[in-house]
Amino acid sequence: MSFENSFAAARAFALVLFLALPGFLASSAPAFALTATATVRDANSIQLGDVTYRLDGVDAPELDQVCIDDHADPWTCGIEARDQLAKLIGKRAVRCDDVGPEKSFGKRHRAICTAEGDKASLNEQLVKLGFAIAREPIKANVKPAAAEAKTASAGIWKGCFVAPQEFRSGKKDGALLGAACRSDRDKEIRAVLFPDELTMPPSCSVKGKLAVRARVTGNIGIYHLRGCPSYPATTKPDRWFCSEDDAQAAGFRRAYNCRRPK
């Protein structure tokens with residue numbers, strides 16, 4: 001082989017290697033992981049330091065969501081689901097493996113999170129207990145746990161509820177889920193699941209209203225803070241949030257006449 005041909009072949013090989021290397025590094029490099037003391041924001045969200053993750057493959061009742069229990073009574077299932085996640089963690093550190101951005105919840109990322117000493121992820125355990133349903137996972141394999149919880153009528157499955165996604169969007173005619181749902185009581189059940197006046201969860205005083213005009217800015221609603229002119233006028237909020245960050249992550253924007261209190 002001539003020198004010119006050898007040089008050309010070497011240059012071509014180097015070019016192929018250069019183009020392939022970034023993809024190889026991206027595929028072989030481990031996903032970003034963070035281990036720290038955890039703060040449970042809700043049954044979907046865990047905060048490690050100043051980073052908040054949503055559990056991949058998991059959709060749990062929101063803090064202000066109401067379900068019906070197996071005795072046909074209203075039940076603050078969102079608060080119970082959050083407390084169940086906190087119990088699973090206890091005082092242990094949590095490792096969260098970032099698996100990608102969460103398109104529906106602001107700047108938050110999805111993660112598979114595991115408490116120190118556990119083999120099963122918190123994602124899987126929460127679904128298996130019946131305090132979350134499976135949703136569009138990137139990495140987490142929670143479908144077997146979801147099927148098991150539904151068959152056993154565990155957690156929220158023992159009563160009647162709507163999928164958290166439908167609660168968030170105010171879809172009152174969505175499917176009713178759970179062992180205690182009754183087609184002959186459809187209207188009465190929906191009135192409980194979507195009450196005219198939603199009870200404020202403890203320490204969650206930010207009011208949210210679903211609003212068509214909010215879609216102009218790519219949002220689904222508007223939130224109002226205490227101390228703002230629009231706050232007392234918002235008498236029947238569609239949602240309650242514990243912080244501005246939670247409201248923004250849920251797709252709500254701050255009311256234009258509402259400035260951050262000094």
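In this predicted model, strand 12 gives the largest share of the lining of the largest cavity, namely three residues. Helix 8 (244-249) also shows up here: strand 12 and helix 8 each supply at least two lining residues. In total, 16 residues line the largest cavity, and those nearest its centre are Asp 42, Glu 62, Arg 239, Phe 241 and Asp 246. By residue class, the lining of the largest cavity splits into eight charged, seven nonpolar and one polar. The volume of the largest cavity comes out at about 150 Å³, and the structure holds one cavity of 30 Å³ or more. As for where it sits, both domain 1 (38-195) and domain 2 (198-261) give residues to the lining, so the largest cavity lies between the two domains.

Then there is the open space. The largest pocket has a volume of about 240 Å³. Its lining runs to 13 residues, with Lys 172, Phe 194, Pro 195, Pro 237 and Asp 238 lying nearest the centre. Six of the lining residues of the largest pocket are nonpolar, six are charged and one is polar. Here too both domains take part, as domain 1 (38-195) and domain 2 (198-261) each put at least three residues into the lining of the largest pocket.

Strand 12, the cavity contributor, belongs to an open sheet. That sheet has four strands in the order 12-10-11-13, and its pairing is mixed. Strand 12 (239-241) and strand 13 (252-254) sit at the edges, each pairing on one side only. On average, neighbouring strands of this sheet are turned by 35° against each other, ignoring direction.

Walking across the open sheet from strand 12, one comes to strand 10 (residues 206-210), which pairs with strand 12 in the antiparallel sense over three bridges. Within that pairing, Lys 207 stands opposite Trp 240 of strand 12. Strand 10 is also joined to strand 11 by four bridges, and these two strands run antiparallel. Gly 208 has Tyr 223 in strand 11 as its bridge partner. The next step brings in the parallel part of the mix: strand 11 (residues 221-224) and strand 13 run parallel and are joined by three bridges. There, Gly 221 stands opposite Phe 252 of strand 13. Either way, parallel or antiparallel, the strands of a sheet pair through backbone hydrogen bonds.

The other strand assembly covered here is a barrel. Five strands close up in the order 1-2-3-8-7, again with mixed pairing. From one strand to the next, the twist averages 55°. Strand 1 and strand 2 form a hairpin, with four residues between them. The pairing of strand 1 with strand 2 is antiparallel and spans three bridges, and the bridge partner of Ala 38 in strand 2 is Leu 48.

Strand 1 has another partner in strand 7, again antiparallel, this time over five bridges. Leu 34 stands opposite Cys 96 of strand 7 in this pairing. A parallel stretch of the barrel comes from strand 3 (residues 51-55) and strand 8 (residues 109-115), which pair over three bridges. One of the facing pairs is Tyr 53 with His 109, the latter in strand 8.

A helix goes with the barrel as well. Helix 2 (residues 77-89) lies across strand 1 (33-40), strand 2 (45-48), strand 3, strand 7 (93-101) and strand 8. Relative to strand 1, helix 2 runs at about 125°.

How values were computed. Residues numbered from 1 in each chain as written. Predicted model: local features only at pLDDT ≥ 70, side-chain atom pairs only at ≥ 80, totals over all residues. Heavy atoms only, no water. Pairing = 2+ DSSP bridges. Axes fitted to C-alpha atoms, helices over the stretch in contact; angles between N-to-C directions. 1 Å grid on protein atoms, 1.4 Å probe; cavity = no way out; pocket = protein on both sides within 12 Å on 5 of 7 lines; lining within 4 Å. Points joined across faces, edges and corners; volume = space filled by probe spheres on them. Nonpolar A, V, L, I, M, F, W, Y, C, P; charged D, E, K, R; others polar. Domains from an automatic or database assignment. Contact = heavy atoms within 4.5 Å.
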